[in-house]
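Here's a quick tour of a protein model, written for someone who likes to poke at coordinates. Have a look at the structure, then read on.

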Amino acid sequence: MSSRPVRPRTAFALALVAPAIDALRGATDHNQLVRLVEAIAREMGFCHYAVIDHDGLHLGRSDRVDIKDYPAAVVERLAAERNFRRDPVLRGCIFAESAFLWSDLARIIRLDKRDRASFEFGARAGLNEGITVPYTRLGDPIGSCTFAGTRHPERAQLYLGPAQMIGIFAFQAARRLVRGETPLVSARPLLHQRPRDCIVLAGQGCSNKEIARKLALTPRTVDGYLTEARRLFDAHDRTELVVSAVLAGEVGLHELKGRQPE
């Protein structure tokens, strides 16, 4: 009997899916899509949302998906201060297999004090809990759909399944509209095979010496490849390099085998 109060909410959450997907598939312009995403977020009890391509987040590129209603302080921290590569939610999208609660991120990636500081900062701005749906397709940049900030964080898990389905269609609709307005021309820095191999192995947690041994190269050559790749992606360290290569579609998620760079 104690579970009965939850069931109507669960049914209500699932009832959102079909009409939401129909509306998203029928969206014909950017403003209509924004109104739909906002309405869906409100129906699920969330105050904020973001449907974004991760690789263009800090550049404001017109050929990338960028629909968001986040607190200004959070946008400033992510984009203008170039913290997007270190953001735990965006980083979690690389390793998550499906929609996830922010409160469950510690099961997906290792969280450090900077990650905890990010969550504390977000919570102060009103992003106390969220659901993020990664959107990945081999050869394309990673994107995601997020619903965040709620007065009832204990209910967020009820919307995990509906958010997964709705989030995928929301991102697909956004990307379709972007491609219709401005043809997407790949601006990815194409990696040569050996530097790419080095990044993949770095993403699997290998040291430079281990990479050199596996690829029959010298450690100095490996260091040179990784240094040049960091310059290419404007990455400050190995973690940013691996994340940037994945976000740009140069490295497939399956190649990392669920491990993270040290």
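## Around Ala50

Leaving aside residues up to four places away in sequence, Ala50 touches Ile67, Lys68, Tyr70, Ser144, Cys145 and Thr146. Keep in mind as you read that this is a predicted model.

Where does Ala50 sit? Its place is in strand β1. Is Ala50 buried or exposed? Its relative accessibility is 2%, and because the cut-off for buried is under 20%, Ala50 counts as buried. There's also a nice sequence-versus-space pairing here: Ala50 and Thr132 are 82 residues apart in the chain, yet their C-alpha atoms are 9.0 Å apart.

## The overall build

Zooming out, the protein has 11 helices and 5 strands. Of its 262 residues, 48% are buried. Take the contacts between residues at least 6 apart in sequence: 66% of them join residues at least 24 apart.

Helix α2, covering residues 17-25, is a good one to spin around on screen. Val17, Ala20, Ile21 and Leu24 are buried in this helix. Look down the axis of α2 and its buried residues fall within an arc of 95°, so they line one face of the helix.

## The largest pocket

If you're hunting for empty space, the largest pocket has a volume of about 390 Å³. It is lined by 23 residues, and the closest to its centre are Arg77, Leu78, Asp87, Pro88 and Ser118.

Which element gives the most to this lining? That's α6, with 6 residues. Elements that each supply at least two lining residues are β1 (46-53), α4 (72-80), α5 (88-95), α6 (113-125) and β5 (143-150). So β1, the strand that holds Ala50, is one of the contributors to the lining of the largest pocket. Sorted by class, the lining has 13 nonpolar, 5 polar and 5 charged residues.

## How far to trust it

Now for the confidence figures. Mean pLDDT for the protein is 84, with 83% of residues at 70 or more. Among the elements, strand β3 (residues 100-101) has the highest mean pLDDT, at 98, while helix α1 (residues 6-15) has the lowest, at 58.

Two stretches deserve a second look. The pLDDT is below 50 over residues 1-7, and beyond near neighbours in sequence this stretch has 1 contact in the model. Residues 258-262 also have pLDDT below 50, but there the stretch has 19 contacts beyond near neighbours in sequence.

Conventions. Residues are numbered from 1 along each chain as its sequence is written. This is a predicted model: local features need pLDDT of at least 70, side-chain atom pairs count only at pLDDT 80 or more; totals for chains, interfaces and linings use all residues. Side-chain values use heavy atoms; hydrogens and water are left out. pLDDT is the predictor's confidence in each residue, from 0 to 100. Helices (H or I, at least four residues) and strands (E, at least two) are DSSP runs, numbered from the N terminus. Contact means heavy atoms within 4.5 Å. Buried means under 20% relative accessible area, exposed over 50%, partly exposed in between (1.4 Å probe, protein chains only). The arc is that of the directions from the helix axis to the C-beta atoms. On a 1 Å grid over the protein atoms alone, a cavity is a set of points where a 1.4 Å probe fits but cannot get out, and a pocket is an open set with protein on both sides within 12 Å along at least five of seven lines; lining residues have an atom within 4 Å of a point. Grid points are joined across faces, edges and corners, and a volume is the space filled by probe spheres set on the points. Ala, Val, Leu, Ile, Met, Phe, Trp, Tyr, Cys and Pro count as nonpolar, Asp, Glu, Lys and Arg as charged, and the others, Gly among them, as polar.
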